[in-house]
Amino acid sequence: MTRSLLDVRSIARVYDMHHGMFAKAAGVRAVDDVSLLLERGDTLGIVGESGSGKSTTGRVVLGLEPPSAGEVLFDGRPMPRHGSPEWRKARMRMQMIYQDPFGALDRRMPVAAQVREPLDIHAIGTPADRDARVGELLQAVGLSASVTKRFPHELSGGQRQRVVLARALITRPDLLVCDEPVSALDVSIQAQVVNLLSDLQADLGIAMVFISHDLRVVRQVSRRIAVMYLGRIVEEGDADDLFVRPEHPYTRALVSAAPMPGRRMADRDMLQGEPPNPAHRPSGCSFHPRCPVALARCRTEMPALADLGGNRLVACHLATGANSIDVASPSGSAAARTMEGAAR
Ligand SMILES: Nc1ncnc2c1ncn2[C@@H]1O[C@H](COP(=O)(O)OP(=O)(O)OP(=O)(O)O)[C@@H](O)[C@H]1O
Ligand SMILES: [Mg+2]
């Protein structure tokens with residue numbers, strides 16, 4: 001049996017709260033019992049509202065933070081301790097791209113030197129090889145040679161994110177973790193950068209974890225999608241199938257809320273109620289206070305993430321595998337309207 005590139009096994013991440021208003025709180029469970037598998041060259045999207053634990057999952061996956069429980073295997077081996085020589089070696093094969101390209105770049109260094117720096121640090125290739133590779137990468141991300149001597153503040157947001165991408169790809173990583181990589185960019189630039197990411201991922205055969213609160217963007221680049229709510233995966237499935245047949249009421253609401261051509265604003269179902277706060281986790285199913293179809297059981301019993309067949313995992317007492325939501329319908333789906341009605 002070949003081993004997966006990434007094998008995340010029931011990880012949790014608990015933040016201790018010692019001071020201020022959380023003096024008595026035992027800890028905030030930002031991520032709880034999350035398992036993920038990613039094969040070489042494959043793409044996994046993680047979607048969910050703010051505070052659902054997406055970024056924390058990304059940081060634990062890369063070993064930037066230790067899990068409070070569970071473990072992460074990268075290429076079949078446990079992730080080494082943060083900062084150790086083994087971790088640095090493993091990290092070269094994993095790169096992260098964040099929302100803010102400015103923050104990821106050194107303001108005092110010209111573009112070419114920044115893209116080249118990982119090769120200098122790890123003493124990869126001759127100086128001539130390194131320069132050639134910088135040229136290749138800048139071209140691959142669609143930057144002209146004229147930017148090489150410029151500084152980050154002299155570039156646009158989109159150009160800066162392309163520089164970050166070139167720098168991330170220069171060590172030929174096996175895994176790219178992108179955390180809201182286009183959220184800070186102008187809407188007009190977002191699609192270009194998403195397309196570029198997607199093309200490079202496919203051309204170079206890099207595995208990618210793509211984190212975003214925007215289900216539409218996630219769908220564009222992911223073969224598979226995991227939906228997170230309050231630190232847990234509530235649904236996971238093949239991207240297109242999940243979009244057409246969301247099973248979990250939370251996924252249904254996210255799909256219904258996503259802007260789609262032909263669907264009017266009034267027909268979209270916006271999520272009602274409080275956004276997730278892991279410091280105040282509801283009993284039973286965490287989604288039950290906002291769920292339009294919750295039963296008494298949902299208030300007391302947490303549903304397990306169950307395999308419904310068809311590559312779909314769902315954590316909902318009501319999931320049957322028979323749900324279908326017609327998102328293409330311009331007047332909105334029956335299920336979405338039911339949810340909207342119930343939330344009023
Ligand atoms: N270092 C930390 N200390 C304490 N709590 C934290 C820390 N990092 C994250 N949290 C809490 O953990 C929860 C999950 O945060 P996380 O940043 O992973 O969510 P997210 O899904 O990435 O949200 P967003 O879409 O806003 O980026 C939040 O409630 C957050 O306040
Ligand atoms: Mg985040």
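Q: In this predicted model, what distance separates the end C-alpha atoms of helix H7 (residues 187-204), and what should the helix span?
A: Helix H7 has 18 residues. At 1.5 Å a residue, counted over one less than the number of residues, the expected span is 26 Å. The end C-alpha atoms agree with this, being 26 Å apart.

Q: Within what arc do the buried residues of H7 fall, seen down its axis?
A: Buried here means under 20% relative accessible area, and in H7 this holds for Gln190, Val193, Val194, Leu196, Leu197, Leu200 and Gln201. In an α-helix, residues three or four places apart point the same way, because there are 3.6 residues a turn. The buried residues of H7 line one face of the helix, since they fall within an arc of 165°.

Q: Which residues are exposed on the other side of H7?
A: Exposed requires over 50% relative accessible area. On the side of H7 away from the buried residues, those that qualify are Ser188, Ala202 and Asp203.

Q: Which elements are included in what covers the buried residues of H7?
A: The cover includes both strands and helices. The strands are E3 (43-47), E7 (175-179) and E8 (207-212). The helices are H5 (127-140), H8 (215-221) and H6.

Q: Which helix gives the largest share of the largest nonpolar core?
A: This core has 52 residues, and Val115, Leu165, Leu176, Phe210, Ile225 and Val227 touch the most other members. Its largest share is six residues, from helix H6 (residues 157-169).

Methods. Residues are numbered from 1 along each chain as its sequence is written. Chains are lettered from A and ligands numbered from 1 in the order in which they are written. This is a predicted model: local features need pLDDT of at least 70, side-chain atom pairs count only at pLDDT 80 or more; totals for chains, interfaces and linings use all residues. Side-chain values use heavy atoms; hydrogens and water are left out. A nonpolar core is a set of buried Ala, Val, Leu, Ile, Met, Phe, Trp, Tyr and Cys residues joined through side-chain atoms within 4.5 Å. Buried means under 20% relative accessible area, exposed over 50%, partly exposed in between (1.4 Å probe, protein chains only). Helices (H or I, at least four residues) and strands (E, at least two) are DSSP runs, numbered from the N terminus. The arc is that of the directions from the helix axis to the C-beta atoms. Contact means heavy atoms within 4.5 Å.
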